[in-house]
Amino acid sequence: MSLPAPQPDETVLVTGASAGIGTELARELARRGHGLVLVARRRERLDELAAQLRDAHRVDVLVHDCDLAQSDERAALIEAVQSSGKHVAGLCNNAGYGSFGRLWELDREREAAMVQLNCVALVDLTGAFLPAMVQRGAGAVLQVGSLAGYQPSPWNATYSATKAFVQSFGESVAGELAGTGVSMTVLCPGPVATEFAEEAGVDDVAATLPGFLMQDARTVARAGVEGMLSGKRVVFTGLPHRITAQAGRITPRTALLPIVNRIGRRTLADR
Ligand SMILES: NC(=O)c1ccc[n+]([C@@H]2O[C@H](COP(=O)([O-])OP(=O)(O)OC[C@H]3O[C@@H](n4cnc5c(N)ncnc54)[C@H](OP(=O)(O)O)[C@@H]3O)[C@@H](O)[C@H]2O)c1
């Protein structure tokens with residue numbers, strides 16, 4: 001089983017819906033008739049997107065602004081959704097950010113908050129909504145990982161480690177879900193043209209990864225939703241992405257680390 005067909009009493013929760021891949025996930029799901037809960041911190045953007053989607057697709061859209069890195073705000077979100085009368089048929093754990101630089105020169109609190117958002121919030125929301133999906137025997141979870149999760153990445157240490165966590169967590173729980181009617185998909189994009197690079201303090205995200213991997217958010221979101229629909233365990237957004245991931249996995253670290261290190265140093269010199 002995978003993401004069930006849209007029903008009036010069901011919804012799909014998308015985190016990080018105020019920008020980039022999350023906005024496009026919401027558009028792709030609404031286009032297919034799914035009701036939505038849109039989550040991020042920037043309320044105005046969420047309200048604007050919700051109005052557009054209601055108008056264009058006649059779907060039910062709820063908006064909840066919160067900082068997902070804060071456990072009390074996550075608890076309030078979970079409570080609000082669970083008391084909304086809607087079943088969560090789908091969950092897209094997409095909200096996330098990165099940083100760029102040597103670990104000891106980066107903002108310590110921001111690095112720790114990244115782990116809270118990219119990992120802890122993802123585990124928490126999955127844990128909150130999965131039991132009801134399993135009980136109903138239907139549902140789909142999309143965990144947004146990254147090609148960065150396939151190898152250690154100097155200059156991106158915390159971020160690549162969080163995405164390695166997402167990869168392992170997502171694939172592990174996907175195994176546990178076999179036979180339950182619920183699927184879990186890890187989406188593994190390469191560089192995507194969004195606000196991500198600016199947030200990470202890099203002018204050009206393509207500078208941190210080979211440019212031929214660059215894609216737009218809509219292409220990536222569509223691949224993610226199609227992965228949820230077909231209940232795939234892992235989704236790469238193109239053949240070059242699949243090959244890059246496998247290369248990252250099998251290349252000996254003694255050969256790989258100097259290459260990634262060189263790319264990182266060049267990017268830092270450019271800014
Ligand atoms: N862009 C890339 O190159 C790339 C590549 C691979 C994987 N990814 C992954 O794709 C996902 C989406 O990234 P994107 O490229 O679409 O980045 P983006 O354009 O910067 O969007 C990030 C989203 O996350 C939300 N967010 C950030 N911090 C939050 C917090 N504390 N609480 C709640 N929401 C928060 C932001 O909304 P607010 O600021 O309004 O809260 C925004 O909606 C991330 O998990 C990222 O790691 C991106």
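How are α1 and α7 oriented to each other? The structure is a predicted model, and this question serves as a way into it.

Two packed helices are described by the angle between their axes and the distance between the axes. For α1 and helix α7, which spans residues 217-230, the packing angle is about 55 degrees and the axes lie 8 Å apart. Angles under 35 degrees count as roughly parallel, and those from 65 to 115 as roughly perpendicular; α1 and α7 are therefore oblique to each other. The crossing in which α1 passes α7 is right-handed. On the α1 side, the contact involves Gly20, Ile21, Glu24, Leu25, Glu28 and Leu29, and these meet Ala217, Arg218, Val220, Ala221, Arg222, Gly224 and Val225 of α7. By class, seven residues of this contact are nonpolar, two are polar and four are charged.

Helix α1 also packs against a second helix. Here α1, residues 20-31, meets α2, residues 43-57, at an angle of about 20 degrees, and the two axes are 10 Å apart. Since angles under 35 degrees count as roughly parallel, α1 is roughly parallel to α2. This crossing, too, is described by its hand: α1 and α2 cross in a right-handed manner. The residues that α1 brings to the contact are Thr23, Ala26, Arg27, Ala30 and Arg31, while α2 brings Leu49, Leu53 and His57. Four residues of the contact between α1 and α2 are nonpolar, two are polar and two are charged.

Helix α1 appears once more around the ligand. There, α1 and α6 (196-200) each contribute at least two residues to the surrounding shell, and the largest share, three residues, belongs to α1. The ligand has 29 residues around it, of which Gly16, Gly20, Arg41, Arg42 and Gly96 come nearest. Gly20 thus has a place both among these nearest residues and in the contact of α1 with α7. The shell comprises 15 nonpolar, nine polar and five charged residues.

From the helices the description turns to the sheet. Strands of a sheet pair through backbone hydrogen bonds, either parallel or antiparallel. In this model, seven strands form an open sheet with parallel pairing, arranged in the order β3-β2-β1-β4-β5-β6-β7. At its edges stand β3 (61-65) and β7 (234-236), each of which pairs on one side only. From one strand to the next, the twist averages 20 degrees. One pair within this order can be followed in detail: β5, residues 139-144, and β6, residues 182-188, are joined in the parallel sense by six bridges. Among the residues concerned is Val141, whose bridge partner in β6 is Met184.

A further pair of helices completes the account. Helix α4 (residues 108-136) packs with helix α5 (residues 157-176) at an angle of about 10 degrees, their axes being 9 Å apart. This angle makes α4 roughly parallel to α5. From α4, the contact draws on Glu111, Met114, Val115, Asn118, Cys119, Leu122, Val123 and Thr126; from α5, on Thr158, Tyr159, Thr162, Phe165, Val166, Phe169 and Val173. The residues of this contact divide into 10 nonpolar, four polar and one charged.

Notes:
Residues numbered from 1 in each chain as written. Predicted model: local features only at pLDDT ≥ 70, side-chain atom pairs only at ≥ 80, totals over all residues. Axes fitted to C-alpha atoms, helices over the stretch in contact; angles between N-to-C directions. Helix = DSSP H or I, 4+ residues; strand = E, 2+ residues; numbered from the N terminus. Parallel < 35°, antiparallel > 145°, perpendicular 65-115°, else oblique. Left-handed = near helix turned anticlockwise from the far one by under 90°. Contact = placed C-beta atoms within 7 Å. Nonpolar A, V, L, I, M, F, W, Y, C, P; charged D, E, K, R; others polar. Near = placed C-beta within 6 Å. Pairing = 2+ DSSP bridges.
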